Amino acid sequence: MTIQEGLPFEQDAVQVGMQESRARAAKHSRRNTFRTWDPPREAMGRVPREWRIQSGLTQHVPDDLAPFVEWFHNQPEARERFRWALRDSLDELLDGQRTGRWAYQHLTKTEKTYLGTAVEVNLTKEFDIDNGADLDWSIAGVDIDCKFSKDLGGWEIPMEMYLCADHGERGGRADHVAVLTWMNDDTSEWAAGIVRITDERLRWKQERDANGARVRAYNRDNKRKLFYGAKSEVYWLWGGLQRDLPKNLLLHLESETRERILPESRAGRAASGQQRVNQLFREVRNRIIGRQTVLTVAQQDDSPKRARDARIALRPKGIVVLGHQGSHPHVARALELPVPIKGEWISTRLVPVSSDDVRPKFSLDGRFWARAREDELHLETEPAPDLPYKREIDGQNRAD
C-alpha cells in the first residue's frame with residue numbers, strides 16, 4: 001500500500017475546512033469592527049419622588065430581617081464587593097471590547113432585560129450564596145430572592161414570593177424576603193435593601209371591581225411592584241443611598257474629550273486601537289483608568305498590551321503610564337497619585353525639577369521629577385524617564 005505525499009489525513013482535512021470556514025466568516029463579520037456610539041439622550045432610570053432615599057440612614061433592624069442583615073454585615077468587605085458586582089454586571093453586558101459600547105442606553109431591549117439576571121448571577125458568585133428550595137437564594141438557611149431594577153422602586157414581584165389565597169397553586173408558601181438592588185450609572189449611585197414581601201405591601205389599583213373589592217395591580221406577567229408606602233418597611237443596607245458606584249470613565253468624560261479618544265472614522269479609516277489607547281492616556285491624566293475602559297477604547301483581543309505599548313509611544317512626550325508592577329507603585333506614591341492595582345493604569349505628565357522644589361517628586365539617576373503644573377504644559381517637552389522595572393525610586397513622599 002502506498003501513501004500519496006502531500007494529501008492531508010481525514011482529520012487534517014476537517015481542520016483545514018474549519019479554518020477556511022472561520023476565515024470566510026471573519027471576512028464579513030461585524031462583531032469585531034470598530035464602532036462609535038452617540039451620547040445617551042435619555043436617563044438610565046427614574047427615581048420617583050416617593051422612592052427617594054437618603055444616605056447615612058439610621059434604621060432599626062426588624063427582628064424578621066435580622067438574620068439576613070447580619071449575614072451581609074458579616075461578609076468580609078461586603079459593601080465593596082457588592083458595588084463592584086453591580087459595576088461588573090453592567091460592564092459584562094456592555095461588552096465594550098467587542099461592541100465599543102460605554103453606556104447602558106446602548107444596550108438592546110433584550111440585553112436591558114437580562115441585566116437583572118446578570119446582577120443576581122454575579123452576586124451569587126461573589127458571596128457564594130446557596131440556591132434556595134423555592135427561590136433564587138438561601139441565606140441563613142432561609143429562602144430569599146434577589147430583585148434588580150434600574151428604576152428605584154421598580155422591582156417586579158412574582159406571585160410565588162408572597163401568600164395570597166386568591167393565587168391558588170401559583171401563590172407562595174410564605175411571605176418571603178427579597179434583596180432589592182438598584183444602580184444608576186448616570187449618577188454613579190446604587191442601593192441595596194431588604195424587605196419582606198406581603199400582599200398588602202404590593203400595589204393595588206385605585207378603582208375597585210363590580211363588587212367593591214380592591215383589585216391587585218398586576219402587569220402582563222402577573223407581577224406587582226411595591227406600594228410606595230412600603231418604602232418605610234425596607235431596611236437599607238449600609239445606610240441607604242450610596243454615591244460611589246465605580247465610575248464609568250467614558251460615560252462621564254466631556255463629549256469633546258471622548259470624541260478625541262473615540263473619533264469617527266474618516267475616509268473609510270478609523271484610528272487604530274493603539275492610537276486610541278495612546279490618546280486615552282494623553283487625555284485622561286492623573287486618574288485611574290481601569291481594564292474595562294482600555295478594552296472598550298482598543299476594541300482588540302490584546303487590548304491590555306496596547307496600554308503597555310502606550311508607555312513607549314508617550315514617553316518622548318513627557319508622559320508616563322504607570323501600572324501595578326515594579327517601580328510604578330512607588331512612583332505613584334511619591335507623586336501622591338492614586339496607586340494602580342492589577343488591571344489598572346494611571347498616566348501623568350512629568351517635568352524635571354530642582355531638588356528643593358516643594359512639589360511631591362522622585363529622583364532617578366540623579367534627576368528629580370514631578371507632575372507638570374498647568375502653566376508648564378505648554379513648555380517644550382522633555383522625554384519622561386524610563387522607569388526601572390525592579391529597582392525602587394527615591395521619593396520624598398514614597399511609602400516604605
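**Loops, contacts and salt bridges**

Visitor: Between which two helices is the place of Asp38?
Guide: Helices (H or I, at least four residues) and strands (E, at least two) are DSSP runs, numbered from the N terminus. On that numbering, Asp38 belongs to a loop whose flanking helices are H1 (10-28) and H2 (66-73).

Visitor: What pLDDT do local features need in this model?
Guide: Residues are numbered from 1 along each chain as its sequence is written, and side-chain values use heavy atoms, with hydrogens and water left out. Because this is a predicted model, side-chain atom pairs count only at pLDDT 80 or more and totals for chains, interfaces and linings use all residues, while local features need a pLDDT of at least 70.

Visitor: Is Asp38 buried or exposed?
Guide: The classes rest on relative accessible area: buried is under 20%, exposed is over 50% and partly exposed is in between (1.4 Å probe, protein chains only). Asp38 has a relative accessible area of 55%, so this residue is exposed.

Visitor: What share of the residues in the protein is buried?
Guide: The protein has 11 helices and 16 strands. Of its 400 residues, the buried share is 44%.

Visitor: Among contacts between residues at least 6 apart in sequence, what percentage join residues at least 24 apart?
Guide: A contact means heavy atoms within 4.5 Å. When contacts in the protein between residues at least 6 apart in sequence are considered, those joining residues at least 24 apart make up 65%.

Visitor: Which residue in the loop between H2 and helix H3 has a phi near 50 degrees?
Guide: Most residues other than glycine have a negative phi. The residue with a phi near 50 degrees is not a glycine, yet its value is positive. With a relative accessible area of 58% it is exposed, and the residue in that loop, ahead of H3 (78-94), is Glu77.

Visitor: Near what value is the phi of Asn222?
Guide: Asn222 is found in the loop between strand E8 (214-216) and strand E9 (224-225), and at 31% relative accessibility Asn222 counts as partly exposed. Its phi is positive although the residue is other than glycine, and the value is near 60 degrees.

Visitor: What relative accessible area does Asp185 have?
Guide: Asp185 lies in the loop between strand E5 (177-184) and strand E6 (189-196). Leaving aside neighbours within four places in sequence, Asp185 is in contact with Met44, Arg87, Leu90, Leu245, Asn248, Leu251 and His252. Asp185 counts as buried, its relative accessible area being 1%.

Visitor: How many Å separate the C-alpha atoms of Arg214 and Trp204?
Guide: Arg214 is found in strand E8 and, at 36% relative accessibility, counts as partly exposed. Not counting residues up to four places away in sequence, Arg214 touches Glu200, Trp204 and Arg208. Arg214 and Trp204 are 10 residues apart along the chain, and the separation of their C-alpha atoms is 6.9 Å.

Visitor: How far apart in space, C-alpha to C-alpha, are Val284 and Thr257?
Guide: Val284 lies in the loop between helix H8 (273-283) and strand E11 (289-290) and counts as buried at 3% relative accessibility. Beyond its neighbours within four places in sequence, Val284 is in contact with Leu249, Leu253, Ile261, Ile289 and Ser347. From Val284 to Thr257 there are 27 residues in sequence, and the C-alpha to C-alpha distance is 8.6 Å.

Visitor: With which residue does Arg306 form a salt bridge?
Guide: A salt bridge is a side-chain nitrogen of Lys or Arg within 4 Å of a carboxyl oxygen of Asp or Glu, and the structure holds 29 of them. Arg306 counts as buried at 11% relative accessibility, whereas its partner is partly exposed, with a relative accessible area of 34%. The closest N and O atoms are 2.8 Å apart in this bridge, and the partner is Asp302.

Visitor: How many residues apart in sequence are the parts that Glu376 and Arg359 tie together?
Guide: Glu376 and Arg359 are both buried, and they form a salt bridge in which the closest N and O atoms are 2.8 Å apart. Glu376 lies in the loop between strand E15 (367-371) and strand E16 (394-395), and Arg359 in the loop between strand E13 (344-353) and strand E14 (361-364), so the pair ties together parts whose distance in sequence is 17 residues.

Visitor: Which residues are linked with Asp357 in a network of salt bridges?
Guide: Asp357 forms a salt bridge with Arg359, the closest N and O atoms being 3.1 Å apart, and both of these residues are buried. The network links Asp357 with Arg359, Arg373, Asp375 and Glu376.
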